[in-house]
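Here is a short tour of some local features, written for someone who likes to check geometry against coordinates. Have the viewer open and follow along.

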There are 2 protein chains.
Amino acid sequence: MDDLTDFGTALVESELIYPTGVAGVSGRSQQYAAVARALHDLADQWGTELGATSIEFPPIVNRSTFARTNYIQSFPDLIGVVSVFTGDDRDHAELLRRSEAGKDWQDLLEPAEVFLASAACHPVYPMCTGSLPAGGRYFNVHSFCFRHEPSTDPARSQAFQMHELVFIGTPEEAQRHRDAGLEHGVSLLRQLGLDMTVVEANDPFFGRLGTAMANNQKDEILKLEGTTPIGSSDHPVAIISGNCHRDHFGEPFAITSADGATAHSACVAFGVDRITLALFWKHGLDVDKWPSEVAATLWP
Amino acid sequence: MDDLTDFGTALVESELIYPTGVAGVSGRSQQYAAVARALHDLADQWGTELGATSIEFPPIVNRSTFARTNYIQSFPDLIGVVSVFTGDDRDHAELLRRSEAGKDWQDLLEPAEVFLASAACHPVYPMCTGSLPAGGRYFNVHSFCFRHEPSTDPARSQAFQMHELVFIGTPEEAQRHRDAGLEHGVSLLRQLGLDMTVVEANDPFFGRLGTAMANNQKDEILKLEGTTPIGSSDHPVAIISGNCHRDHFGEPFAITSADGATAHSACVAFGVDRITLALFWKHGLDVDKWPSEVAATLWP
């Protein structure tokens, strides 16, 4: 089995994932969910060691928070916009009429107070508006995220679980968290038997504006990724990233470090679903046959 | 403490939940999440006893699946419609221009292939299209669900976790699952020390059309709910429901039972977040001080 499609088929046939008819939107079996949960636990354990505030966020995020993250500027093609129906009986009748005729009824809706979450960490920044304590703050957060990139690659989901260790404080502290944190995270993944390669990230910033941002990301080595093959030996996939945000969040959310300067932030982000898939790819589809040291790390 | 607002404030002050600035959209602490997880485990355990197929679904559902559930007919005011941006550089510039000017940019988007999930069970019905085995099929499913009903009542979330034990088979089998299953579920909740009252449900079907559906639901006793106080002793809240769907899903999803007739379905649904809150309300905000028999049931 050394083909992406074969791996996707095997995941479905062994009932580890259940397709729902939309590319990248699948249900997860109990066995799959148990692996993902163990990965959340490993990250939580690390969060506890860091003294982090641990929060599970829902899959939707405050509209005004989302607007301030600038995600719409950088990745408009990935966002999920939510709208709701606030009309009366007549509007509802019109909505149903159009829906049954296969016509658009988007204009009968109102923008919701929320967007679909694009990253687990976005809700922590408004919680930090104001002055941080000396030494900054750590957050250990996770949520389901949405990114609109339909694909038959099993490692590219539209709905996936992200688990992040976030730090907010001085520029030096933030850089240190990114560097030491990514190293720690990668070593955790190596303990799980995964072959890890650390590379500079190349995020798909959108359009002409995006080219400059992508160049800047690369020039300043703002984001590193740990990759491992999933589904094919020549298909390395980023399963963890370490990201220096600089003042990308500190500035719009008016966060200052203890010295009064605009705070910097950084995160180490685990792609929980991708790590789960990488483990199935590396160790086989039957968890009971995984190497005992891998099982012992996941379920200590 | 016998006031809804006091309870909400206490949950926030004790850092069990983290408001995000949108009513009914909150983060959950590690302690809160541990209780919710234990409840999922109890439901999973029951699912295993029933021989159910266990699936965790993402918070979004196939658009065509959702359309066939008729949810848009019954509860249009609760749905979350997702749209995405598929435009080019020029469209993006226009989007940003309007967004910065506080103007609507909804018409620059396209409907997504998904809706926000309104119930955990919806994705199982297309999986059953065709003929069921004798004895029908059980599913044990959970997901984050969205319902647009912003409220300051801590028990009314816009994003919440639902865990359902679903049966699909003959009308008699489905009715039996609803009746025996609800009884089993309610007895589980009583074991957790909750005072439970079973009442006929009164779902908020929308508009004029909805009045007839609500009457039918009541006349035929299609849905029962187990309620318990949350946040105030005179504020009973439904934390579990038992629902006879009749052929509401069997018909549009073309599911037949082994005898060739249109399948009926039924579910017992746990409102995991509401049960979690009910436990905090009943036993106090510090899990370590909960009665030992409650802790032993949650963490055997």
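## Helix α2 of chain A

Helix α2(A) is followed by A:G51, whose phi is positive, near 70°. Please keep in mind that this is a predicted model.

The length of α2(A) is easy to check: with 21 residues at 1.5 Å a residue, the helix should span 30 Å, and its end C-alpha atoms are indeed 30 Å apart. Which residues of α2(A) are buried? They are A:Y32, A:A33, A:V35, A:A36, A:A38, A:L39, A:L42, A:A43, A:D44, A:W46 and A:G47.

## Helix α9 of chain A

Now turn to α9(A), which covers residues 272-283. Its 12 residues should span 16 Å at 1.5 Å a residue, and the distance between its end C-alpha atoms, 16 Å, agrees. Just after this helix, A:G284 takes a positive phi of about 100°.

How many of the residues in α9(A) are buried? The count is 10 of 12, so the helix is mostly covered. The buried set consists of A:V272, A:D273, A:R274, A:I275, A:T276, A:L277, A:A278, A:L279, A:F280 and A:W281. To count as buried, a residue needs 20 or more other C-beta atoms within 10 Å of its own.

## How α2 and α9 pack in chain A

These two helices meet. The axes of α2(A) and α9(A) are 9 Å apart, and the helices pack at an angle of about 120°. They are therefore oblique to each other: an angle over 115 degrees but not over 145 falls outside both the roughly perpendicular and the roughly antiparallel ranges. The crossing of α2(A) past α9(A) is right-handed.

On the α2(A) side, the contact involves A:Y32, A:V35, A:A36, A:L39 and A:H40, which meet A:V272, A:D273, A:I275, A:T276 and A:L279 of α9(A). Sorted by class, this contact has seven nonpolar, two polar and one charged residues. Among the contact residues on the α2(A) side, A:Y32, A:V35, A:A36 and A:L39 also appear in the buried list of that helix.

## The α2 and α9 pair in chain B

In chain B, the axes of helix α2 (residues 30-50) and helix α9 (residues 272-283) come within 9 Å and cross at roughly 120°. That angle makes α2(B) oblique to α9(B). As for handedness, α2(B) passes α9(B) in a right-handed crossing.

Which residues make this contact? From α2(B) come B:Y32, B:V35, B:A36, B:L39 and B:H40, and from α9(B) come B:V272, B:D273, B:I275, B:T276 and B:L279. The classes here are seven nonpolar, two polar and one charged residues.

## Helix α8 and its surroundings in chain B

The 13 residues of α8(B) should span 18 Å at 1.5 Å a residue, which agrees with the 18 Å between its end C-alpha atoms. Just after α8(B), B:I221 has a positive phi of about 50°.

Within this helix, which runs over residues 207-219, lies B:A214. Is B:A214 buried or partly exposed? It counts as partly exposed because 17 other C-beta atoms lie within 10 Å. B:A214 and B:D203 are 11 residues apart in sequence, yet their C-alpha atoms are 6.5 Å apart in space. Not counting residues up to four places away in sequence, B:A214 touches B:N202, B:D203 and B:F205.

## A strand residue in chain B

B:V198 is found in strand β10 (residues 197-200) of chain B. With 14 other C-beta atoms within 10 Å, B:V198 is partly exposed. Leaving aside its neighbours within four places in sequence, B:V198 is in contact with B:V186, B:L224 and B:G226. Its C-alpha atom is separated by 31 Å from that of B:I60, which is 138 residues away along the chain.

## Positive phi in two loops

Two loop residues are worth a look in a Ramachandran plot. A:E15 has a phi near 55°, a positive value in a residue other than glycine. A:E15 sits in the loop between α1 (4-13) and β1 (17-22) of chain A, and with 16 other C-beta atoms within 10 Å it is partly exposed.

In chain B, B:A254 has a positive phi of about 50° although it is not a glycine. Where is B:A254 found? The residue lies in the loop between β12 (236-246) and β13 (255-256) of chain B. Having 15 C-beta neighbours inside 10 Å, B:A254 counts as partly exposed.

Key. Residues numbered from 1 in each chain as written. Chains lettered and ligands numbered in written order. Predicted model: local features only at pLDDT ≥ 70, side-chain atom pairs only at ≥ 80, totals over all residues. Axes fitted to C-alpha atoms, helices over the stretch in contact; angles between N-to-C directions. Helix = DSSP H or I, 4+ residues; strand = E, 2+ residues; numbered from the N terminus. Parallel < 35°, antiparallel > 145°, perpendicular 65-115°, else oblique. Left-handed = near helix turned anticlockwise from the far one by under 90°. Contact = placed C-beta atoms within 7 Å. Nonpolar A, V, L, I, M, F, W, Y, C, P; charged D, E, K, R; others polar. Expected span 1.5 Å × (residues − 1).
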